[in-house]
Amino acid sequence: MKKLSTLTLVLLTCLGASAQVLSPLSGKTRTATDIPLVYEVENTGENVHPVLPTKAEGRRIDPLPDPLEWSDGSGRATDFSDWAQRRGEIAKEIQHYEIGTKPAVASSAVTAKMDVDTLRVTVTINGEALELSATIHYPSTGEAPYPLMIGMDNISLTNTLITSRPIAYMNFSSSQVNGYSQFFDSGKREFERLYPELVGNGAYSEWAWGLSRLIDGLQQLGPEVSKIDTKHIGVTGCSYAGKMALFCGAFDERIALTIAQEPGGGGAAAWRFSRVLNKDVLNAGDSGVESLDRTDYHWFMEKLKNEYGGKDVSYLPYDHHELAAMVCPRALLMLGNPTQIWLADQSGFVSMNAAAKVWEQYGIGDRVGYSFVSDHGHCQLPETQEPEVEAYLDRFLLGKEDVNTNVRIASDFYLSTANGTKVVAPEADLDWWMGWWGVREPAEFVEQTYVPNGPAIGTKEQLPLLTNWSSSVTGDAAADGKIYSGTATFSGQWGEIGGSGWGCDVNQGTKHIITVKTSEPLPEGLQWKISLRDEFGEAQAEMYPPIQAGVNELVYELTTSYTYFAIQRYGQERLTVPFESVTREVVENTESSIRAIDNDDQKKVVSRQIYSIAGMPRKNLAKGVNICNEQLEDGHTRTKKVIVK
């Protein structure tokens, strides 16, 4: 990614309807018109049965997995004729590991009717019936049958973008299928009444199932009754509903256009990259980003977190760039808002660049786009994002061919906006995350590290050690009275340690006491931040106390339950030791080039760690800029920038 300080729109040359395209690796020529914009069936890969290894059987892939690689590793789906099967493999993987089964439904199990302008669909499974309904709002212009935009619970796009066009719209009420949303749990599980054996499903498989049944009804009625053109259906939603739109668009190939607005973690954002953000971008504010370990497990299956939490995310055989790629060859527009840190939009950016490679492989890269624009409220589409929405509506719902939909928009991505000051995230190393596809094995695992403002050059011996901590809860409402303790060492970079969850219920007035011990006082300009977290990792109470050498006792008065606490280094400054900044240009990527620089400097290097300019670890020098952290024999640390031409 080229970091952009101002918004930049990259408009590529439009392929056009009759452009000749060459599959880059297969050498087979086809025209863009050979590749469908939409299908008449829900799932062309229903009968695909991929390899689904357990974590113990799987291989560790730390960058993003290759979306074109067959699940058994036998090759790659480089020609479009292979894509239906490969897409089917991805669909089965996501259902198996993440959201649960989206069951197929026979057409005989669905009946539909129009009640004035309200679509009513009844689904009967094993003698149990479920009625779904949605009111269709028809446009005042144009002629039937009309394209249809479906909102997931609501449409957050600017209303006039749709109502000013001959496009009908309706909202799919998710509570008809599964009553849980991010705000409340009504206890209704209509889906499970029909499928009691799928009680462990996540909500997104069930919501996608419900939306597909409405499309069944529209197909059954036909345009004469519904006034809807089922070859031009779009879906959209924002936030949790943005995820819903993405899952619905990915899992139903009758949807021609998917516009996912600010879906955050669990949407387009890659689980692997989001973990790196939370683990290593340790200036990420109070909440970090939504990740596999920090999302709502009513939405996803519990086993996803239980089996693939933490660094084990690298054993998942897929990631969410492949969820996005499931929309291919149909149209996908991803809208982001980097000001909202929780949305993990830098992760979404990396994921969307990876997903776009699938469309590009088949010569239809103008059917996928993204727009990450800052400085507006969550789910409040700014005027600056309206042109790309209009382009996708006009081309993929209204069929206009003279519209350029090659949209790549990105602003800076932020780590935090504390005290009104935006901290810009390091540039993502896209080559590290996906450059190995089809060429080499993925990078060997290295604990990846992003460091704000460049690589850290302090050492653990020069920072105070948090040597011991203990925790206890006192008061009438303390449920267990247990004491929790442990040790932690900070190694010169941003970090945190947390106590195990104790699950006690507390009321106002209950005292929580944390006792910590440090080896020496903090350096000037640094302090500790101590926060109590809820079950989702959200900070609910926090302090910024001075902690001196010895024992420090901190008392909190609690008003609700907490499952664990975290202690963090806090502040912008870092302790450093003397170093030299050296820039050298080398022509060849060889070890001898490094040795030549060492000899030139006449200083013996004890150890060296190589990073990309983005802070991603590298085993060897690579073309471009390399940051080398070197430990010298005299005890000094040196940061060296090495440019490989």
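Two strands pair if DSSP finds at least two bridges between them. Helices (H or I, at least four residues) and strands (E, at least two) are DSSP runs, numbered from the N terminus. This is a predicted model, so to speak of a local feature we need pLDDT of at least 70, and side-chain atom pairs count only at pLDDT 80 or more, while totals for chains, interfaces and linings use all residues. Residues are numbered from 1 along each chain as its sequence is written, and side-chain values use heavy atoms, with hydrogens and water left out.

**View A. Strand β9 has β7 on its list of partners, and β10 too.**
Start with strand β7 (residues 146–152), which runs parallel to β9 and pairs with it over five bridges. Look for L148: its opposite number in β9 is I233. β9 also pairs in the parallel sense with strand β10 (residues 257–261), again through five bridges. Here T236 faces I259 of β10, and C238 stands opposite Q261. Now follow the chain: β9, helix α6 (residues 240–251) and β10 together make a right-handed β-α-β unit. Right-handed means that, with the strands pointing away from the viewer, the path from the first strand over the helix to the second runs clockwise.

**View B. Strand β10 is covered on both faces.**
How many of the residues of β10 are buried? Five of its five. Buried means under 20% relative accessible area, exposed means over 50%, and partly exposed is in between (1.4 Å probe, protein chains only). In a regular strand, side chains take turns between the two faces of the sheet. In β10, L257, I259 and Q261 sit on one side, T258 and A260 on the other, and all are buried. β10 also runs parallel to strand β11 (residues 331–336), joined to it by five bridges. In that pairing, L257 stands opposite A331.

**View C. One disulfide turns up in a search of the whole structure.**
A disulfide is a pair of cysteine sulfur atoms within 2.5 Å. This one joins C238 to C379, with 2.2 Å from S to S. The angle about the S-S bond is -95°, and the link is left-handed. It connects distant parts of the chain: C238 is in strand β9 (residues 228–238), while C379 is in the loop between β12 and α11 (386–396), 141 residues away. C238 is buried, at 6% relative accessible area. Two other cysteines are also tucked away: C248 is buried at 2%, and C328 is buried at 0%.

**View D. Aromatic rings meet edge-to-face, as with F191 and W209.**
Rings of Phe, Tyr and Trp (its six-membered ring) pair if their centres lie within 6.5 Å; planes under 30 degrees apart count as stacked, over 60 as edge-to-face and the rest as tilted. The whole structure has 26 such pairs. One of them is F191 with W209, edge-to-face at 5.3 Å centre to centre and 80° between the planes. F191 belongs to helix α3 (residues 190–194) and W209 to helix α4 (residues 203–221), 18 residues apart. F191 is buried, at 0% relative accessible area, and W209 is buried at 0% too. F349 and Y370 make another edge-to-face pair: 5.6 Å between centres, 80° between planes. F349 lies in helix α10 (residues 345–361) and Y370 in strand β12 (residues 368–372), so this pair ties together parts 21 residues apart in sequence. Both rings belong to buried residues, F349 at 4% and Y370 at 6%.

**View E. A cluster of rings includes W271 and Y297.**
Which other residues do ring pairs link into the cluster? They are Y204, W207, Y240, F247, F251, W299 and F300. A separate thing to spot is K227, lying over the face of Y138 at 5.3 Å from the ring centre. A charge sits over a ring if NZ of Lys or CZ of Arg is within 6 Å of the ring centre and within 35 degrees of the ring normal.

**View F. D319 reaches the backbone of R272.**
Find D319 in the loop between α8 (302–308) and α9 (320–325). Is D319 buried or exposed? With 0% relative accessibility, D319 counts as buried. A polar atom of its side chain lies 3.0 Å from the backbone nitrogen of R272.

**View G. P147 sits in strand β7.**
P147 is buried, at 9% relative accessible area. Its C-alpha atom is 9.8 Å from that of R165, and these two residues are 18 apart along the chain.

Conventions
Polar contact = N/O pair within 3.5 Å; in protein donor to acceptor, adjacent residues only side chain to side chain.
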